[in-house]
Amino acid sequence: MGSVRVVSLFLNCSLMSVAPVDKSGQRIRQMFGAIAGWYDFLNHFLSLGIDIWWRKKTVELVPPVGTEPILDVCTGTGDLAIAYWHAAGHKAPVIGTDFTHEMLVRARDKGLKARTSLDSAALSFIEADTMQLPLPSDTFQLVSVAFGIRNVTDYKAGVREMVRVCKPGGQIAILEFSRPTNSVLGKLYLFYFRQVLPKLGQWFSKSEHSAYNYLPASVLQFPSGEEFAREMTDCGLTQVTCCPMTFGICTLYRAVKP
Ligand SMILES: C[S@@+](CC[C@H](N)C(=O)[O-])C[C@H]1O[C@@H](n2cnc3c(N)ncnc32)[C@H](O)[C@@H]1O
C-alpha cells in the first residue's frame, strides 16, 4: 500500500461518525468549570492565536452603533463582551452572561482590569442560562455569542432567546466553528481537531471531563454554513448572512431582528 493511501486511510479514520454528545447543562458546566483556569491560554495556543483575530473581525463586521446596550451570551471569560465594550468607545453598557461560575470569575477579573475610568459605561457579567435569560425583551442593540451556541442544550431555544432580548432592528452576531468546504483542507483540519487537539488540551488542562474530546464531537454534530443560517431564519431572524473565516474553520453569522 502506498504511503499516500496510508495517510488517506488514517485521515478518513479520523472522520468516522461520532456518538451523540452529552450537552446536558450539568455536564457542560462541569466541563467548562474544570478547564476555566486554562481556557484562555489553551484557546490562543491551540488556535495559534487565530481566535483573537476571529473575535476582532466579528466586532468589525457587526459593529455597535450608538450607546444602547449590548449583550454577549455564553460569554465565558468575557473576551467578546470586552471587545464590544472597547468598540463602543466605553459608551454603551455591555452585559456578558454565562452559566459557568468559574468562567465568569475570570471574565469579571478581566472586566475590572479593562475598566480604568469611572465615568465609562458599565461592563458587567451575570450568571444566566442562555435558554432563559433574566433580561427584558426588545432591549439590546446587538446580541452576540462566540463559540458558545453549539454548547447550549437546545441551541435553537438559545437563538430564540437572543432574538427575544434584541430590540427590533437590532443585530445578532454568532461566531461558531464550522466545517471547511475544501476536502483536503477539511480532512487535515479534522485530523488536527480530532486527533491532536484533544490530546494537547487534555494534557495541559489535566481535565478529566474530556472537554477537548467534546470539542470536535460537538462541532461535527452542529449545523454548518447555510444549514445553520436557515435555522436562524426559522428562529425569526432576517438578512442572515454567513461569513466563513480561515478556510471555513469558523463562520460569522450575521442577522437582523425584524
Ligand atoms: C467555548 S466557551 C466560549 C466562551 C467565549 N464566548 C469565547 O469566545 O471564548 C462556551 C461557553 O458557553 C457556556 N455555555 C454553554 N451552554 C450555556 C448555557 N445554556 N447558558 C449559558 N452559558 C452556556 C459555557 O459555560 C462556556 O463558558
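## Cysteines

At 18% relative accessibility, Cys243 counts as buried, because the limit for that class is under 20%. This value, like the others in this report, was computed from a predicted model.

The sulfur of Cys243 lies 8.7 Å from the closest cysteine sulfur, which belongs to Cys250, and this separation is too far for a bond. A disulfide requires the two sulfur atoms to be within 2.5 Å. The structure holds 0 disulfides. Cys166 is also buried, with a relative accessible area of 0%.

## Helix H9 and its surroundings

Helix H9 spans residues 226-234, and within this helix Phe228, Ala229, Glu231 and Met232 are buried. These residues cover an arc of only 160° around the axis and therefore lie on the same side of H9. Glu226, Arg230 and Asp234 are exposed on the other side of H9.

The packing partners of the buried H9 residues are helix H6 (155-165) and three strands: S5 (166-177), S6 (238-245) and S7 (250-256). Just after H9, Gly236 adopts a positive phi of about 105°.

## Nonpolar surface patch

A nonpolar patch on the surface is formed by Trp38, Phe41, Phe45, Val196 and Leu200, which together have about 400 Å² of accessible area. Helix H2 (25-46) and helix H7 (183-205) are the elements that give two or more residues to this patch. The most is given by H2, with 3 residues.

Leu200 is located in helix H7. With 30% relative accessibility, Leu200 counts as partly exposed.

Terms used. Residues numbered from 1 in each chain as written. Predicted model: local features only at pLDDT ≥ 70, side-chain atom pairs only at ≥ 80, totals over all residues. Heavy atoms only, no water. Patch = residues over 30% accessible without salt bridge, like charges linked within 9 Å, V, L, I, M, F, W, Y side chains within 5 Å. Areas by Shrake-Rupley, 256 points an atom, 1.4 Å probe, with all protein chains shown as cover. Salt bridge = Lys/Arg side-chain N within 4 Å of Asp/Glu carboxyl O. Helix = DSSP H or I, 4+ residues; strand = E, 2+ residues; numbered from the N terminus. Buried < 20%, exposed > 50% of the residue type's maximum accessible area, 1.4 Å probe, protein only. Arc of directions from axis to C-beta. Contact = heavy atoms within 4.5 Å.
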